[in-house]
Amino acid sequence: MNQLGLGVAITGSGSATPAASLDNHRLSQIVETSDEWISARTGIRSRHLADAEQSLSDLATVASQQAIAMAGISPAEIDLIILATSSADDLFGTAGKIQAQLGALQAVAFDMTAACSGFIFGLVTASQFIRTGVYKNVLLIGADILSRWVDWSDRRTCILFGDGAGAVILQADERDRLLGFELRSDGTQNSSLQLAYEPQPQALLEGTTIAKGTYQPITMNGQDIYRFAVRKVPEVIEKALHRANLGVEQIDWLLLHQANQRILDAVAERLKIPPQKIISNLEKYGNTSAASIPLALDEAVREGKVKAGDIIASAGFGAGLSWGATIFEWGR
Ligand code: UT7
């Protein structure tokens, strides 16, 4: 139990991906690449892609309905909905649309953006509302459709990303299962990974100029991000473990943002976590950004791999730059 006497339990999960998938072989008809290169360098073999009919709110709603059902609550009992995303249907926010689609009309709903760290930042944010006694039931969603923002002629980035949504329910409980966390940002390296607005000056009147324009496709320095992840992620996991008063050997599962199998393996190796404790599903989905952690968690829970009482070290990392880790116990 934390100092305020209110604890957090994660009691339900859900996930959704678009029906259509694109494997490496078919992707190599779009850019000059190969299944061998992508598999060896990333571990990714396929990704699911949303078509023009599919919205982020639709995917998020399906994932949320599953999480709500697993937690055994009704949508009307949800107090807060947080949508972690970088690819909202609407820049004014998409969480409200999900609230309406779920019929969770008592809930306050908002979006938050921390790129591929969004789910971890959201987990900590949601927990604060519960720990302070303000809310009892929180729906946290991580969802992204980055296929809409990828440059499909850039083989250095388009091979990595896929679309999806994952969700969890956090509930107030006597015992606190969010055992430790550490969040970090470094804006000095912001240019290493961007989905940036590019202004085009437009004169309205003489002396009054505004900017029109649009967001430009993802740009990334892959090697910089790779080095950053392998160096910084073990550090935050160690800090979060220290706060949780746990040793690395007490972790049942390592659940990292699903960016690249080589990153997952290198982080596990640095922390001396055996490979069988790594949760990985990026082979099927690629990097689904804010969705990747709850998507992998939900699959592992439904496969019966992750069980109530298991201790999970989970870390996100990506644009911002941002990174962070949580140590939590699944279920109650
Ligand atoms: O959510 C966080 C998102 N970002 C990440 O997680 C990215 C982290 N970085 C990475 O995962 C890796 O850096 C990549 C997978 C992006 C790239 O792997 P790499 O081992 O760092 O490759 P590289 O960029 O050093 O490129 C090696 C070679 C280059 O050719 P030369 O210059 O050695 O002749 C590239 O031009 O591979 C070439 N290359 C490709 N070849 C075939 C780059 N992309 C491809 C490709 N297919 N798709």
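**Exercise 1. Find which residues come nearest to the ligand in this predicted model.**

Solution. Start with the shell. There are 21 residues around the ligand. Thr33, Arg41, Gln223, His257 and Asn260 come nearest. Next, sort the shell by class. Nonpolar residues number 9, polar residues 7 and charged residues 5.

**Exercise 2. Identify polar contacts of the ligand, using a cut-off of 3.5 Å between N or O atoms.**

Solution. Take the ligand atoms in turn.

- Step 1: a ligand nitrogen lies 2.9 Å from a polar backbone atom of Gly222.
- Step 2: a ligand oxygen lies 2.8 Å from a side-chain N or O atom of His257.
- Step 3: a ligand oxygen lies 3.3 Å from a polar side-chain atom of Arg262.

Each of these distances is within 3.5 Å. Now turn to the cover. On its own, the ligand has 960 Å² of accessible area, and the protein covers 74% of that.

**Exercise 3. Place the ligand in the fold: which pocket, which elements and which domains surround it?**

Solution. Begin with the pocket. The ligand takes up the space of the largest pocket. Then list the elements that give two or more residues to its shell: helix 2 (35–42), helix 6 (222–244) and helix 7 (261–271). Helix 6 gives the largest share, with 4 residues. Last, look at the domains. Domain 1 (7–176) and domain 2 (180–188 + 219–329) both contribute to the shell, so the ligand lies between them.

**Exercise 4. Locate the cis peptide bond at Leu321 and the positive phi at Ala115.**

Solution. Take the peptide bond before Leu321. The bond from Gly320 to Leu321 is cis, with omega near -10°. Leu321 sits in the loop between strand 14 (311–318) and strand 15 (322–329).

Now take Ala115. Its phi is positive, about 50°, although Ala115 is not a glycine. Ala115 also sits in a loop, between strand 5 (108–112) and helix 5 (118–131).

Key. Residues numbered from 1 in each chain as written. Predicted model: local features only at pLDDT ≥ 70, side-chain atom pairs only at ≥ 80, totals over all residues. Heavy atoms only, no water. Near = heavy atom within 4 Å. Polar contact = N/O pair within 3.5 Å; in protein donor to acceptor, adjacent residues only side chain to side chain. Areas by Shrake-Rupley, 256 points an atom, 1.4 Å probe, with all protein chains shown as cover. 1 Å grid on protein atoms, 1.4 Å probe; cavity = no way out; pocket = protein on both sides within 12 Å on 5 of 7 lines; lining within 4 Å. Sits in = over half its atoms within 2 Å of the grid points. Nonpolar A, V, L, I, M, F, W, Y, C, P; charged D, E, K, R; others polar. Domains from an automatic or database assignment.
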